[in-house]
Amino acid sequence: MREDRSLTVATLEHTVPRVFSLDDRAYMQEALDLAERGRREAHPNPRVGALVVADGDVVGRGWHRGPGTPHAEIVALDEAGVRARGATLYSTLEPCCTQGCTPPCTEAVAASGVARVVVGVRDPNPAVDGRGLAALRDAGIDVVTVEGQTDLRAARLIEPFGRYMRDGLPAITYKVAVSLDGKVAGGSGQARWLSGEESRRLVHAWRAAADAVLVGAGTVRRDDPSLTVRAVEGPDPVRVVASRDGDLPLGCRLVTTAATTPTILLTERIDGTAEAALRERGVEVVVTGTAGLSAGLATLAQRGLLDILMEGGPTLAGNLLSEGLVQRLAVFVTPLLIGRGAPDAVATAAVDVIDDALRLDDVQWRVVGRDALVEGRLVQSAACRPREEGR
């Protein structure tokens, strides 16, 4: 006789996670693709996409186009019209339940008559977090959140917004190219070109999508970068330089082009004459005092610079990593061997045991031309400390 393996619904709810259909995952992926369309225009609001699906047909699509415009869910519901009744709404982010520039989305969702709402990720805004889901359930709507890779992608999509909501800081991705033996330059400090052409083109696309690019003053003095977008079509990011004493050469490209491309210097201290000279050339100077780099970054976030690509050298990377200010790492590993004595990727003291090392989660590997690219979210370790050397 076959063993009875049936379970009641109540038992299932307490023993296994809810299983989502392949259709659910496919529709959420499409909603995430829609959210990507608002990558630039939604800023500084989160990027959100939404679909309304009735009887297997997509009857409404929407994505958020920026502050003051209707949210993605409202756009999709308006397109669906009466076909929204009894349908499923897919939203990459929990619908809001607060009055802002626009009315609460939860009210419109409930009034539309949708029977089910599938959400990619909860809203990190403390005023919403979980309350939007509760409001929909109170309205009699079946509400579920996705599981698996789609919710990871949804979280990545709003990472800058989430970081600002949680900590008042921007999300920072440290981009670095290293040799097979972990070096970022030759023994003389010369680093061009470590990565391949395809990798450099991808980095330019990242610049175009970022709010700002951050480097240290040492990188400026050594490489004199322009930090503009050249290999692809797209807007130039704001250029940000971090320096303890404001030592930014007046003849460097970032200063000579500051009048046309926004450039900000974050510094703990600076001579008054040097500050006046930089301001005269169009550089904005933010003096943080003893509050340090985190205070300067908070100032950038308050101005809407939430998504920052860090292309600085080992010292700046070490300082940011040790303070827990970097969220993601993007490492291009290129097929070269440079040898002992060349600069390492990060100027931090070595951990004594591997368990204390900084680790990556949500890791993705891919091949970019001749290089391997590894990306992931950093899991911070208190054991990482900057070396007491250099600036």
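**Figure 1. Strand 6 and its parallel partners in the predicted model.** In strand 12, valine 333 is the bridge partner of valine 178. That pair belongs to a set of six bridges over which strand 6 and strand 12 (residues 328–333) run in the parallel sense. Strand 6 is also joined, again in parallel, to strand 11 (residues 307–310), here by four bridges. On the strand 11 side, isoleucine 172 has isoleucine 308 as its bridge partner. The model shown here and in the other views is predicted.

**Figure 2. Burial along strand 6 (residues 171–178).** Eight of the eight residues of this strand are buried, and the strand is described as mostly covered. In a regular strand, side chains alternate between the two faces of the sheet. In strand 6, one side carries Ala171, Thr173, Lys175 and Ala177, and the other carries Ile172, Tyr174, Val176 and Val178. Both of these faces are covered, with each of the listed residues buried. Lysine 175 is thus among the buried residues of one face, and tyrosine 174 is among those of the other.

**Figure 3. The largest cavity and its lining.** Rolling a probe the size of a water molecule over the atoms shows where empty space is left. The count comes to one cavity of 30 Å³ or more. The volume of the largest cavity is about 80 Å³. An N-terminal part of its lining is formed by His43, Pro44, Asn45, Pro46 and Arg47. Further lining residues are Leu157, Ile158, Pro160 and Phe161, together with Asp211, Leu306 and Asp307. By residue class, the lining divides into seven nonpolar, two polar and three charged residues.

**Figure 4. Arginine 153 in helix 6.** Arginine 153 is located in helix 6, which spans residues 149–157. Its side chain makes a polar contact of 2.7 Å with the side chain of aspartate 33. With neighbours within four places in sequence set aside, the contacts of arginine 153 are Gln29, Leu32, Asp33 and Glu36. Aspartate 33 therefore appears both in this contact list and as the partner in the polar contact.

**Figure 5. Proline 70 and helix 3.** Proline 70 sits in the loop that links strand 2 (57–63) to helix 3 (72–80). Proline 70 counts as partly exposed because its relative accessibility is 44%, between the limits of 20% for buried and 50% for exposed. Threonine 102 is 32 residues away from proline 70 in sequence, with a C-alpha to C-alpha distance of 6.7 Å. Beyond neighbours within four places in sequence, proline 70 is in contact with His64 and Val75. In helix 3 itself, the buried residues are Ala72, Glu73, Ile74, Ala76, Leu77 and Ala80. The elements covering them include strand 1 (49–54), strand 2, strand 3 (88–93) and helix 4 (105–112). Glycine 81, just after helix 3, has a positive phi of about 60 degrees.

**Figure 6. Glycine 282 in a loop.** The loop between helix 11 (272–280) and strand 10 (284–287) contains glycine 282. Glycine 282 is classed as partly exposed because its relative accessibility is 35%. The C-alpha atoms of glycine 282 and threonine 257 are 8.2 Å apart, with 25 residues separating the two in sequence. Contacts of glycine 282, apart from neighbours within four places in sequence, are with Ala258 and Thr263.

Definitions and conventions:
Residues numbered from 1 in each chain as written. Predicted model: local features only at pLDDT ≥ 70, side-chain atom pairs only at ≥ 80, totals over all residues. Heavy atoms only, no water. 1 Å grid on protein atoms, 1.4 Å probe; cavity = no way out; pocket = protein on both sides within 12 Å on 5 of 7 lines; lining within 4 Å. Points joined across faces, edges and corners; volume = space filled by probe spheres on them. Nonpolar A, V, L, I, M, F, W, Y, C, P; charged D, E, K, R; others polar. Helix = DSSP H or I, 4+ residues; strand = E, 2+ residues; numbered from the N terminus. Polar contact = N/O pair within 3.5 Å; in protein donor to acceptor, adjacent residues only side chain to side chain. Contact = heavy atoms within 4.5 Å. Buried < 20%, exposed > 50% of the residue type's maximum accessible area, 1.4 Å probe, protein only. Pairing = 2+ DSSP bridges.
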